[in-house]
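Hello,

Here is the structure I promised to pass on. Have a look at it first, and then read on for what turned up when I went through it.

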Amino acid sequence: MTKFQVPDMSCGHCSKAITKAITELDPAAQVTCDLESKIVSVESAQDAAALKGAIESEGYAVSAA
């Protein structure tokens, strides 16, 4: 499992956009967004760099959690 800190993730719209970006990259990915801690957890065959890029493509700053 890969975890990312996404400090600008603040609402349901944010988590839906991030989940959509990741599942477009890997339709089998399991994505969990915790709005309180601002952590996105991803179970995916894709590597961390690709997942980070997908989140960044939605306009969010991302760092490893």
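Ile 55 touches Phe 4, Val 6, Ile 18, Ile 22, Val 40, Tyr 60 and Val 62, leaving out residues up to four places away in sequence. Please keep in mind as you read that this is a predicted model.

Several of those names come back when you look at the core. The largest nonpolar core has 16 residues, and those with the most contacts inside it are Val 6, Ile 18, Ile 22, Val 40 and Ile 55. At least two residues of this core come from each of α1, β3 and α2. Of the elements, α1 gives the most to this core, with five residues.

Ile 55 itself belongs to α2, where Leu 51, Ala 54 and Ile 55 are buried. Viewed down the axis of α2, these buried residues fall within an arc of 100°, so they line one face of the helix. What lies over them? The cover on the buried residues of α2 includes β1, α1 and β3.

Now to the other helix. Its 14 residues (residues 12-25) should span 20 Å at 1.5 Å a residue, and the end C-alpha atoms of α1 are indeed 20 Å apart, so the expected and computed values agree. Which residues of α1 are buried? They are Cys 14, Ser 15, Ala 17, Ile 18, Ala 21 and Ile 22. Because they fall within an arc of 165° when seen down the axis of α1, they line one face of the helix. His 13, Lys 16, Lys 20 and Glu 24, on the other side of α1, are exposed. The buried residues of α1 pack against β2 (30-34), β3 (39-43) and α2 (48-56).

Ser 15 may catch your eye as a polar name in that buried set. Buried here means under 20% relative accessible area, and Ser 15 has 14% relative accessibility, so Ser 15 counts as buried. Apart from neighbours within four places in sequence, Ser 15 is in contact with Met 9, Cys 33 and Leu 35.

Next, the sheet. Four strands form an open sheet in the order β2-β3-β1-β4, with antiparallel pairing. Its edge strands are β2 and β4 (63-64), each of which pairs on one side only.

Here is how the strands are joined, pair by pair:

- β2 and β3 run antiparallel and are joined by five bridges. In this pair, Asp 34 stands opposite Ile 39 in β3.
- β1 (residues 2-5) and β3 run antiparallel and are joined by four bridges. Lys 3 stands opposite Ser 41 in β3, and Gln 5 stands opposite Ile 39 in β3.
- β1 and β4 run antiparallel and are joined by two bridges. The bridge partner of Phe 4 in β4 is Ala 64.

So Ile 39 turns up twice in that list, facing Asp 34 and facing Gln 5. How covered is β3? Four of its five residues are buried, so to speak of β3 as mostly covered is fair.The hairpin of β2 and β3 has four residues between the strands, and Lys 38 takes a positive phi near 60° there.

How do the helices sit on the sheet? α1 lies across β2 and β3 and runs at about 160° to β2. α2 also packs on the sheet, where it touches β1 and β3, and its direction makes about 35° with that of β1.

One last residue to look at is Thr 2, which lies in strand β1. Is Thr 2 buried, exposed or partly exposed? Thr 2 has a relative accessible area of 22%, which makes it partly exposed. With neighbours within four places in sequence set aside, Thr 2 is in contact with Val 40, Ser 41, Val 42, Ala 48 and Leu 51. Thr 2 and Ala 29 are 27 residues apart in sequence, and their C-alpha atoms are 11 Å apart in space.

Happy to go through any of this with you at the screen.

Best wishes

Terms used
Residues are numbered from 1 along each chain as its sequence is written. This is a predicted model: local features need pLDDT of at least 70, side-chain atom pairs count only at pLDDT 80 or more; totals for chains, interfaces and linings use all residues. Side-chain values use heavy atoms; hydrogens and water are left out. The expected span of a helix is 1.5 Å times one less than its number of residues. Buried means under 20% relative accessible area, exposed over 50%, partly exposed in between (1.4 Å probe, protein chains only). The arc is that of the directions from the helix axis to the C-beta atoms. Contact means heavy atoms within 4.5 Å. Two strands pair if DSSP finds at least two bridges between them. Axes are lines fitted to C-alpha atoms, for helices over the stretch in contact, and angles run from 0 to 180 degrees between N-to-C directions. A nonpolar core is a set of buried Ala, Val, Leu, Ile, Met, Phe, Trp, Tyr and Cys residues joined through side-chain atoms within 4.5 Å.
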